[in-house]
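Student: I've got a structure to go through before the group meeting. Can you walk me through it?
Tutor: Sure, let's pull it up.

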Amino acid sequence: MGNAWWNLTLRFLLELSALLGLGMAGWSFPVEFWRWILAIALPLIAAVLWGTFAVLDDPSRSGRAPVPVSGAVRLVLELVILFGGAAGFYLAGHTATGIVMALLIALSYAFSPDRLNWLLRQ
């Protein structure tokens, strides 16, 4: 069920939302100069980390891994970025959006036990 079309779609939208949430958290910084830097840098850093550190032969990523890591490391990276985006919405004053996003992240992983097992075995 982890690869059901609706879960893959939800996961993709959560990944995009995480980048937006991180950008909004940066934009909510009170100092004008740092606001611009953080609003651009936080999502950019998250996207680079997401694309760089992967599990070798991960079927959801065409099997390529620029920097191979263990499944546990990849899982932690995913959770930090996704929940970081939810926290970004929350900190930027969009409390309901942050909470709903966190619940949707939990729902997505709850319906992906096969992916979780695969990651933890790698």
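**Patch, bridges and pocket**

Tutor: Let's start with Val 48, which lies in helix H2. Keep in mind that this is a predicted model.

Student: OK. Is Val 48 buried, exposed or partly exposed?

Tutor: Val 48 is partly exposed, because its relative accessible area is 47%, and the cut-offs are under 20% for buried and over 50% for exposed.

Student: Which residues form the nonpolar patch on the surface?

Tutor: Trp 27, Trp 36, Ile 40, Leu 44 and Val 48. Together they have about 540 Å² of accessible area.

Student: And which helix gives the most to that patch?

Tutor: H2 does, with four residues.

Student: Switching to charges. How many salt bridges does a search of the whole structure find?

Tutor: Five.

Student: Stay with H2 for a second. What does Arg 35 form a salt bridge with?

Tutor: With Glu 32. The closest N and O atoms are 3.9 Å apart, and the cut-off is 4 Å, so the pair counts.

Student: How far apart are Arg 35 and Glu 32 in the helix?

Tutor: They are three residues apart in helix H2, residues 32-52, so about one helical turn separates them. Glu 32 is partly exposed, with a relative accessible area of 45%.

Student: Now H1. What does Glu 15 pair with?

Tutor: Glu 15 forms a salt bridge with Arg 11. Their closest N and O atoms are 3.7 Å apart. Both residues lie in helix H1, residues 5-27, four residues apart, or about one turn.

Student: Are those two buried or partly exposed?

Tutor: One of each. Glu 15 counts as partly exposed because its relative accessibility is 22%. Arg 11 counts as buried because its value is 14%. The line between the two classes is 20%.

Student: Where does Glu 78 come in?

Tutor: The side chain of Glu 78 meets that of Arg 74 in a salt bridge, 3.1 Å from N to O. They sit four residues apart in helix H3, residues 71-91, so about one helical turn lies between them. Both Glu 78 and Arg 74 are buried.

Student: Which residues do shared salt-bridge partners join into one network?

Tutor: Arg 11, Glu 15, Arg 74, Glu 78 and Arg 115.

Student: Why would such side chains pair at all?

Tutor: Opposite charges can pair when the charged atoms come close.

Student: New topic, pockets. What volume does the largest pocket have?

Tutor: About 370 Å³. It is lined by 18 residues, and those closest to its centre are Asn 3, Leu 8, Arg 11, Ser 60 and Arg 115.

Student: Which elements give two or more residues to the lining?

Tutor: H1 and helix H5, 113-121. The largest share, five residues, comes from H1.

Student: What is the lining like by class?

Tutor: Five nonpolar, six polar and seven charged residues.

Student: Last one. Where does Ala 102 lie?

Tutor: In helix H4, residues 95-110. Ala 102 counts as partly exposed because its relative accessibility is 23%.

Student: How far is the C-alpha atom of Ala 102 from that of Gly 71?

Tutor: They are separated by 21 Å. Along the chain, the two residues are 31 residues apart.

Definitions and conventions: Residues numbered from 1 in each chain as written. Predicted model: local features only at pLDDT ≥ 70, side-chain atom pairs only at ≥ 80, totals over all residues. Heavy atoms only, no water. Buried < 20%, exposed > 50% of the residue type's maximum accessible area, 1.4 Å probe, protein only. Patch = residues over 30% accessible without salt bridge, like charges linked within 9 Å, V, L, I, M, F, W, Y side chains within 5 Å. Areas by Shrake-Rupley, 256 points an atom, 1.4 Å probe, with all protein chains shown as cover. 1 Å grid on protein atoms, 1.4 Å probe; cavity = no way out; pocket = protein on both sides within 12 Å on 5 of 7 lines; lining within 4 Å. Points joined across faces, edges and corners; volume = space filled by probe spheres on them. Nonpolar A, V, L, I, M, F, W, Y, C, P; charged D, E, K, R; others polar.
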